[in-house]
Amino acid sequence: MKERLDALVAGLPAEVDAALITSEVSRRYLTGMPSSAGTLLVFKDAPACLLMDSRYIEKARLIVKDCNVVLQRRLAAQLREQLQSHGVKRLAVESDYMTLSDYLVFQKRLPGVELLMDGRLSGLLRQMRAIKSSEELRAIQQAQSITDAAYTHILNYIRPGRTEREIAGELLDFCYRQGSERPAFDFIVVSGANSSMPHGVPTDKAVEQGDFVTMDFGCVVDGYCSDMTRTVAVGEVDEEHRRVYASVLAAQYAALDAARSGIPGKDVDIAARNVISDAGYGHCFGHSTGHSVGLEIHESPLFSPAEERILQPGMVITVEPGIYLEGKFGVRIEDMIVIEPDGNRDLTHSAKEFTVV
């Protein structure tokens with residue numbers, strides 16, 4: 001973790017004396033310590049200081065090697081002492097995560113210190129987290145392997161009469177049994193007309209013959225997420241179902257072919273969106289083509305129409321075009337890829353040809 005702390009210090013603006021890290025995700029990224037609470041102070045001229053309460057202090061002392069680990073007793077007083085002893089006058093805070101309420105509390109309790117909630121610290125952390133290390137890629141791939149196995153398992157479970165909730169529960173139970181720490185997000189399992197809602201929630205609706213079932217789910221291993229979507233047919237479906245599915249699959253292949261280092265994310269979105277528009281369904285594809293994945297399920301950069309950031313090797317991003325016909329049905333197909341110097345590598349190994357269960 002020392003390399004990450006050093007990179008953070010190197011990237012801080014010259015006028016910033018230190019950084020205050022209060023979010024769970026950034027704290028874990030910089031120290032390797034998972035916890036629901038804790039405060040990290042990163043100084044330019046001294047080792048970082050991690051304050052942890054009694055619930056986590058023992059584990060932190062075992063895990064964290066590149067910070068001074070201090071038992072948190074009276075947080076405000078301890079922060080004041082640390083900041084004064086290091087002559088900190090300008091302190092960067094995480095604008096992406098800090099609430100206005102917390103900001104006002106820190107402002108009141110840290111007199112003489114200017115809190116910089118201008119987005120530069122969060123932007124630097126987003127930039128650092130966008131490029132995954134080999135260890136991060138290992139965890140993401142392991143999480144995706146569980147997700148792939150869950151998809152194979154659920155194909156034999158889906159049948160007419162099963163409810164969306166039952167299918168979601170079976171997926172979740174299987175993932176836990178295979179080693180997932182938790183779901184990467186609330187699983188989406190929607191069928192029939194419900195599948196026209198991209199982020200619909202599982203209900204007690206029973207799957208019927210002729211339905212599409214869309215399943216969007218992911219696992220977590222060592223804190224890192226996976227994300228995959230597959231849409232399957234239950235029994236025979238009509239020609240429109242097949243045409244929409246083929247259009248989405250063609251769009252995904254176009255995006256996969258386009259994704260490579262050195263281009264803006266919007267180029268990948270355009271590749272997918274053009275296929276769907278040419279098929280006559282452009283108005284039925286409202287979301288972006290993909291998002292980065294890591295310690296959080298939605299990270300940056302994106303594959304979106306407005307994404308100007310340049311793709312770089314080591315970025316892990318989903319490719320998930322969809323078509324949604326309101327009140328009728330929807331289709332989404334989603335893989336995760338890692339950007340490589342000469343293209344990309346698909347981390348998702350589940351089949352995606354038209355499937356009838």
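# A walk through the predicted model

In strand S7, which covers residues 188–191, Ile188 and Val190 point one way while Val189 and Ser191 point the other way, and all of these residues are buried. The model in which this is seen is a predicted one. Strand S7 has a partner in strand S8 (residues 212–217), to which four bridges join it, and the two strands run antiparallel. At the level of single residues, Ser191 of strand S7 has Val213 as its bridge partner in S8. Val213 returns further on, among the residues that Arg230 touches.

From this pair of strands one can step back to the whole chain. The secondary structure of the protein amounts to ten helices and 18 strands. The radius of gyration is 23 Å, which is close to the 21 Å that the globule rule gives for 357 residues, and the protein is therefore as compact as a globular protein of that length. Taken along the principal axes, the box filled by the C-alpha atoms is roughly 70 × 40 × 35 Å. Of the 357 residues in the protein, 54% are buried. If one considers the contacts between residues at least 6 apart in sequence, 66% of them join residues at least 24 apart. The accessible surface comes to about 15,200 Å², and 51% of that surface belongs to carbon and sulfur atoms. As for charge, the protein carries 38 positive and 50 negative side chains, and the centres of these two sets lie 7 Å apart.

A further set of paired strands is found at lower residue numbers, where strand S1 (residues 18–21) and strand S5 (residues 90–93) pair in the parallel sense over three bridges. Within this pairing, Ala18 has Leu91 of S5 as its bridge partner. Strand S5 also pairs with strand S6 (residues 114–116), in the parallel sense and over three bridges, and here Leu91 stands opposite Leu115 in S6. Leu91 thus appears in both pairings, as the partner of Ala18 and as the residue opposite Leu115.

Helix H4, which spans residues 75–85, contains Ala77, and Glu81 has its place in helix H4 as well. Ala77 has a relative accessible area of 21% and is classed as partly exposed, because the buried class requires a value under 20%. Glu81, at 55% relative accessibility, counts as exposed, because that class begins over 50%. Ala77 and Ser101 are 24 residues apart along the chain, and their C-alpha atoms are separated by 19 Å. Between Glu81 and Ile188, which are 107 residues apart in sequence, the C-alpha to C-alpha distance is 47 Å. Ile188 is the residue of strand S7 with which this account began, where it points the way that Val190 does.

The next residue to consider is Arg230, which is found in strand S11 (residues 228–233). Although its side chain is of a kind counted as positive, Arg230 has 0% relative accessibility and counts as buried. Leaving aside residues up to four places away in sequence, Arg230 touches a list of residues that includes Tyr151, Val213, Thr214, Met215, Arg332, Glu334 and Asp335, together with Thr348 and Lys352. Arg230 and Lys2 are 228 residues apart along the chain, and 39 Å separates their C-alpha atoms.

Arg332, one of the residues touched by Arg230, lies in strand S16 (residues 329–332). With a relative accessible area of 2%, Arg332 is buried. The C-alpha atoms of Arg332 and Val248 are 6.9 Å apart in space, while the two residues are 84 apart in sequence.

Two features of the backbone complete the tour. The first concerns Asp222, which is not a glycine and yet has a positive phi of about 50°. Asp222 lies in the loop between strand S9 (220–221) and strand S10 (224–225), and with a relative accessible area of 37% it is partly exposed. The second is the peptide bond that joins Ser300 and Pro301, which is cis, with omega at about 10°. Pro301 belongs to strand S13 (residues 299–303).

Definitions and conventions: Residues numbered from 1 in each chain as written. Predicted model: local features only at pLDDT ≥ 70, side-chain atom pairs only at ≥ 80, totals over all residues. Heavy atoms only, no water. Buried < 20%, exposed > 50% of the residue type's maximum accessible area, 1.4 Å probe, protein only. Pairing = 2+ DSSP bridges. Rg over C-alpha atoms; globule rule 2.2 N^0.38 Å. Contact = heavy atoms within 4.5 Å. Areas by Shrake-Rupley, 256 points an atom, 1.4 Å probe, with all protein chains shown as cover. Charge placed at Lys NZ, Arg CZ, Asp CG, Glu CD.
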